Amino acid sequence: MYQLKEKEMIFVFTGPDGSGRKTVADMVGTTLGIKKVISYTSRAKRPSEVDGQDYHFISREQFEEGINNKEFVEVTEIDGNFYGIKGYDIEQEFKNNDFIYLILNSSGARTLKKLFGEKVSRIYIYVDRDIIIERQKALGVSQEIIDFHFKHYDEDMAYKDECKHAVENTDLAHTVFAVTEILEGYMDRQLEEKD
Ligand SMILES: Nc1nc2c(ncn2[C@@H]2O[C@H](COP(=O)(O)OP(=O)(O)O)[C@@H](O)[C@H]2O)c(=O)[nH]1
Ligand SMILES: Nc1ncnc2c1ncn2[C@@H]1O[C@H](COP(=O)(O)OP(=O)(O)O)[C@@H](O)[C@H]1O
């Protein structure tokens with residue numbers, strides 16, 4: 001398994017589906033110039049998604065082969081689809097960067113924390129169930145899909161207290177500002193330790 005160097009850190013964004021994790025993580029990542037390690041999934045690509053950008057979309061067979069070859073640092077199965085992060089991809093990103101971020105469900109976040117300990121900082125993004133429903137309805141998402149998303153809401157919310165940082169994502173600009181400050185705190189600390 002990849003051993004993180006002293007100055008390296010992994011930021012893990014987690015929280016309930018639809019709370020804005022991807023949006024917040026990518027905005028903060030862009031602001032701070034931090035690279036995302038992209039997950040692999042066996043679920044079908046949605047029309048709006050780009051292979052290699054949103055996910056690496058692979059078949060279930062390719063996924064199983066990767067699992068057998070021990071390529072994944074963590075894998076989870078959600079609603080019949082595999083999701084996972086490859087150790088090689090983490091290693092590659094750390095060749096050019098000291099900080100990376102990942103977007104994971106609670107089981108993935110828990111695994112990363114177990115594997116890399118204090119080198120992992122978890123940022124929990126959440127918002128009220130009613131606000132998520134409102135946002136999804138405004139986007140034209142069907143009631144069926146909204147219900148599907150909420151299958152994991154309670155289980156995901158139960159993970160909030162395990163995370164050191166939890167930010168309620170009501171106002172996006174405010175959330176991005178708050179999360180940027182949290183990450184900058186770690187980055188400054190790591191750089192000071194390096195000096
Ligand atoms: N453990 C783990 N969870 C992941 C990974 N990639 C994505 N997820 C989570 O899988 C869940 C489903 O993701 P997705 O299919 O994109 O659905 P959506 O987030 O509802 O649009 C979300 O909670 C993601 O954060 C991964 O590599 N590992
Ligand atoms: N603070 C916010 N206010 C309004 N809409 C938001 C906010 N944060 C995210 N969104 C929107 O909510 C939807 C879900 O966000 P997304 O980042 O995909 O969530 P997640 O990754 O947690 O499933 C997207 O359409 C996004 O633009």
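**View 1. The shell around ligand 1, sorted by residue class.** In the shell around ligand 1, five residues are nonpolar, seven are polar and three are charged. Keep in mind that this is a predicted model. Altogether, 15 residues surround the ligand, and the closest are S39, T76, Y83, N105 and G108.

**View 2. Who supplies the shell around ligand 1.** Three elements each chip in at least two residues here: the strands β5 (72-78) and β6 (81-86), plus the helix α4. Both domain 1 (6-34 + 100-195) and domain 2 (38-96) give residues to this shell, so ligand 1 lies between them.

**View 3. The two domains of the protein.** The domain assignment splits the protein into domain 1, made of 6-34 + 100-195, and domain 2, which covers 38-96. Taken over C-alpha atoms, the centres of the two domains are 19 Å apart. Where they touch, domain 1 puts in nine residues and domain 2 puts in eight residues.

**View 4. A look at the domain 1 side of the contact.** Here we zoom in on the side of domain 1 that touches domain 2. The elements giving two or more residues to this side are β7 (99-103) and α4 (106-116). Of these, α4 gives the most, with five residues. By class, this side of domain 1 has four nonpolar residues, four polar ones and one charged. If α4 rings a bell, that's fair: this helix also supplies at least two residues of the shell around ligand 1.

Key. Residues numbered from 1 in each chain as written. Chains lettered and ligands numbered in written order. Predicted model: local features only at pLDDT ≥ 70, side-chain atom pairs only at ≥ 80, totals over all residues. Domains from an automatic or database assignment. Contact = placed C-beta atoms within 7 Å. Helix = DSSP H or I, 4+ residues; strand = E, 2+ residues; numbered from the N terminus. Nonpolar A, V, L, I, M, F, W, Y, C, P; charged D, E, K, R; others polar. Near = placed C-beta within 6 Å.
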